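Here's a quick tour for anyone meeting this protein for the first time. Have a look at the fold, then read on.

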Amino acid sequence: MSKAIALDAAWIFAAFLVIIVFCAIGLAIRRMLLDRHGGTVECRLGVAAYEKDELRWYDAVGVLLTPEEVLARRTLAVASRREVYPSEAALLRPAMVVVSCTAGAMSETVELAMGEAALTGFLAWLESAPPGSYPLNPLRPEGATARRRASTARRRGWHWPGGPG
C-alpha cells in the first residue's frame with residue numbers, strides 16, 4: 001500500500017513539474033512575442049511597449065497579448081520623479097526611478113517605475129512626438145494649437161470679449 005502511495009505521489013509531483021515548465025515556457029514565448037516589434041522596456045512588474053502614438057503596458061505574468069493599460073502619447077505628461085520608497089524596494093529594484101505622469105482626458109495620475117536608461121528612452125520617446133501633437137501641458141489644457149492661435153490673434157490686434165487688452 002505504501003509503495004502505491006509513493007508512486008502516486010511521484011506521478012503527482014512529476015505532473016506538477018511539467019505544468020510549471022509549460023507555464024514558464026509560455027511566459028517566455030509571450031515575452032518574445034512582445035519584444036519582437038522592438039521598443040519594449042521593463043516597467044514596474046511588467047513590460048511597456050512604445051507604439052507610434054501610445055504607450056502600452058503589459059502585465060509581467062499575464063497570458064494574453066493584449067495590453068493591460070494603454071496611454072495616449074498626446075495626453076501623457078511627466079509631473080514628477082522620485083526614488084523608490086523602502087516599502088516598494090521589495091517588489092522593485094532599488095536603482096529604479098518612479099515617474100509620476102498625468103494621462104488621459106481626465107488627467108489621472110499614473111506611476112511608472114523604470115531604470116535610469118529606460119527613463120531616458122521614455123523621455124526621448126515622449127518628446128519626439130511629431131510637431132503639432134506634443135503632449136498637453138496640464139497647466140495649460142488648451143494645448144499648443146490654441147496658444148498659437150491666441151498669439152496670432154494678439155499680433156493682429158484682435159481681442160476676446162472679457163479678455164485682456
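## Contacts along the chain

Let's start with who touches whom. Take the contacts between residues at least 6 apart in sequence: 39% of them join residues at least 24 apart. Keep in mind that this is a predicted model.

## The overall layout

The protein has 3 helices and 7 strands. Follow the sequence from start to end and you get the pattern α-β-β-β-β-β-β-β-α-α.

As for the surface, about 11,400 Å² is exposed, with carbon and sulfur atoms supplying 65% of that. Of the 165 residues, 25% count as buried.

## Rings that meet

Now for the aromatic side chains. The structure holds 2 aromatic pairs. In one of them, the ring centres of Tyr50 and Trp125 sit 5.2 Å apart with the planes at 35°, so this pair counts as tilted. That pair ties together distant parts of the chain: Tyr50 belongs to strand 2 (residues 46-50) and Trp125 to helix 2 (residues 116-127), 75 residues apart.

Are these two residues, Tyr50 and Trp125, buried or exposed? Tyr50 has a relative accessible area of 18%, so it is buried, and Trp125 is buried too, at 10%. The cut-off for buried is under 20%. Phe122 joins in as well, forming one aromatic cluster with Tyr50 and Trp125.

## A charge over a ring

One more ring is worth a look. Arg82 lies over the face of Tyr85, at 3.8 Å from the ring centre.

Technical notes: Residues are numbered from 1 along each chain as its sequence is written. This is a predicted model: local features need pLDDT of at least 70, side-chain atom pairs count only at pLDDT 80 or more; totals for chains, interfaces and linings use all residues. Side-chain values use heavy atoms; hydrogens and water are left out. Helices (H or I, at least four residues) and strands (E, at least two) are DSSP runs, numbered from the N terminus. Buried means under 20% relative accessible area, exposed over 50%, partly exposed in between (1.4 Å probe, protein chains only). Contact means heavy atoms within 4.5 Å. Accessible areas come from the Shrake-Rupley method with a 1.4 Å probe; for residues, only the protein chains shown count as cover. Rings of Phe, Tyr and Trp (its six-membered ring) pair if their centres lie within 6.5 Å; planes under 30 degrees apart count as stacked, over 60 as edge-to-face and the rest as tilted. A charge sits over a ring if NZ of Lys or CZ of Arg is within 6 Å of the ring centre and within 35 degrees of the ring normal.
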